[in-house]
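These notebook entries record what I looked up in one structure. I began with the overall layout and then turned to single residues.

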Amino acid sequence: MPKMIAPDKGVKQTDVGGYRYNVNRQGVYNVENRNHADAMKREGFIEASMMGAVTNAENIGYTCLACGFGSFFKKCGKCGNENERLETDGTVNG
Ligand SMILES: [Zn+2]
């Protein structure tokens, strides 16, 4: 079962293919099938299995300030930019 992570931690649920997914307490969506996971990726969701085990939701959620890519890590996986942690109100912490 694919595990997906929303690009925006404010997202609490999403509808895919007529099925409504709710985020769990780790910030992860457990998705029923590959088609739904692929559809969510097209919406900008991140597949957790690509990144290894998710153990701490507080570590989730960098949005690259340079290219907008939603990254698990401080260093953008797409362009290599080092990002500061974005708080939920949109300010940069640090
Ligand atoms: Zn980037």
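The entries below go from confidence and layout to strands, core and selected residues.

**Entry 1. Confidence**

I noted at the outset that this is a predicted model. I looked up the average pLDDT of the chain and found 76, with 72% of the residues scoring at least 70. I then asked which elements have the lowest and the highest mean pLDDT. Strand E9, residues 92–93, has the lowest at 54, and helix H1, residues 34–42, has the highest at 91. I also marked residues 51–59, over which pLDDT stays under 50. For that stretch the model has eight contacts beyond four places in sequence.

**Entry 2. Layout of the chain**

I counted the elements next and recorded one helix and nine strands. Read along the sequence, their pattern is β-β-β-β-α-β-β-β-β-β. I looked up burial for the chain as a whole: of its 94 residues, 19% count as buried. For contacts with a separation of 6 or more, I recorded that 40% join residues 24 or more positions apart.

**Entry 3. The open sheet**

I asked in what order the three strands of the open sheet are arranged. The order is E4-E1-E5, and the pairing is antiparallel. The edge strands are E4 (28–30) and E5 (46–47), each of which pairs on one side only. I then examined E1, residues 3–5, and found three bridges joining it to E4, the two strands running antiparallel. Within this part of the sheet I located Ile5, which stands opposite Val28 in E4.

**Entry 4. The hairpin**

I turned to E2 (residues 13–16) and E3 (residues 19–22), which are antiparallel and joined by four bridges. The two strands form a hairpin with two residues between them. In the turn I checked Gly17, which has a positive phi of about 55 degrees. I wrote down two facing pairs: Gln13 stands opposite Asn22 in E3, and Val16 has Tyr19 of E3 as its bridge partner. I also listed the contacts of Val16 apart from its neighbours within four places in sequence, and these are Tyr21, His36, Ala39 and Met40.

**Entry 5. The largest nonpolar core**

I asked which residues make up the largest nonpolar core. The set has 10 residues in all: Met4, Ile5, Ala6, Val16, Tyr29, Val31, Met40, Phe45, Ile46 and Ala48. I set beside this the general tendency of nonpolar side chains to be buried together in soluble globular proteins. I then chose two members of the core, Ala6 and Phe45, for separate entries.

**Entry 6. Ala6**

I located Ala6 in the loop between E1 and E2. I asked why Ala6 counts as buried. It has 23 other C-beta atoms within 10 Å, and the cut-off for a buried residue is 20 or more. Not counting residues up to four places away in sequence, Ala6 touches Val11, Val23 and Phe45. I also looked up its separation from Met40: the two are 34 residues apart in sequence and 8.6 Å apart in space, C-alpha to C-alpha.

**Entry 7. Phe45**

I found Phe45 in the loop between H1 and E5. Phe45 counts as buried because it has 25 C-beta neighbours inside 10 Å. Setting aside residues up to four places away in sequence, I listed Met4, Ile5, Ala6, Pro7 and Met40 as the residues that Phe45 touches. Phe45 and Met4 are 41 residues apart in sequence, and their C-alpha atoms are 6.3 Å apart.

**Entry 8. Pro2**

I placed Pro2 in the segment before E1. Pro2 has 21 C-beta neighbours inside 10 Å and therefore counts as buried. I looked up Glu47 as well, 45 residues from Pro2 along the chain, and recorded 7.1 Å between the two C-alpha atoms.

**Entry 9. Lys74**

I ended with Lys74, in the loop between strand E7 (70–71) and strand E8 (85–86). I asked whether Lys74 is buried or partly exposed. Lys74 is partly exposed, because 14 other C-beta atoms lie within 10 Å. Not counting residues up to four places away in sequence, Lys74 touches Tyr62, Glu82 and Asn83. Lys74 and Glu84 are 10 residues apart in sequence, with a C-alpha to C-alpha distance of 6.8 Å.

How values were computed:
Residues are numbered from 1 along each chain as its sequence is written. This is a predicted model: local features need pLDDT of at least 70, side-chain atom pairs count only at pLDDT 80 or more; totals for chains, interfaces and linings use all residues. A nonpolar core is a set of buried Ala, Val, Leu, Ile, Met, Phe, Trp, Tyr and Cys residues joined through C-beta atoms within 7 Å. A residue is buried if 20 or more other C-beta atoms lie within 10 Å of its own, exposed if 12 or fewer, and partly exposed in between; C-beta atoms are placed from the backbone. Two residues are in contact if their C-beta atoms, placed from the backbone, lie within 7 Å. Two strands pair if DSSP finds at least two bridges between them. pLDDT is the predictor's confidence in each residue, from 0 to 100.
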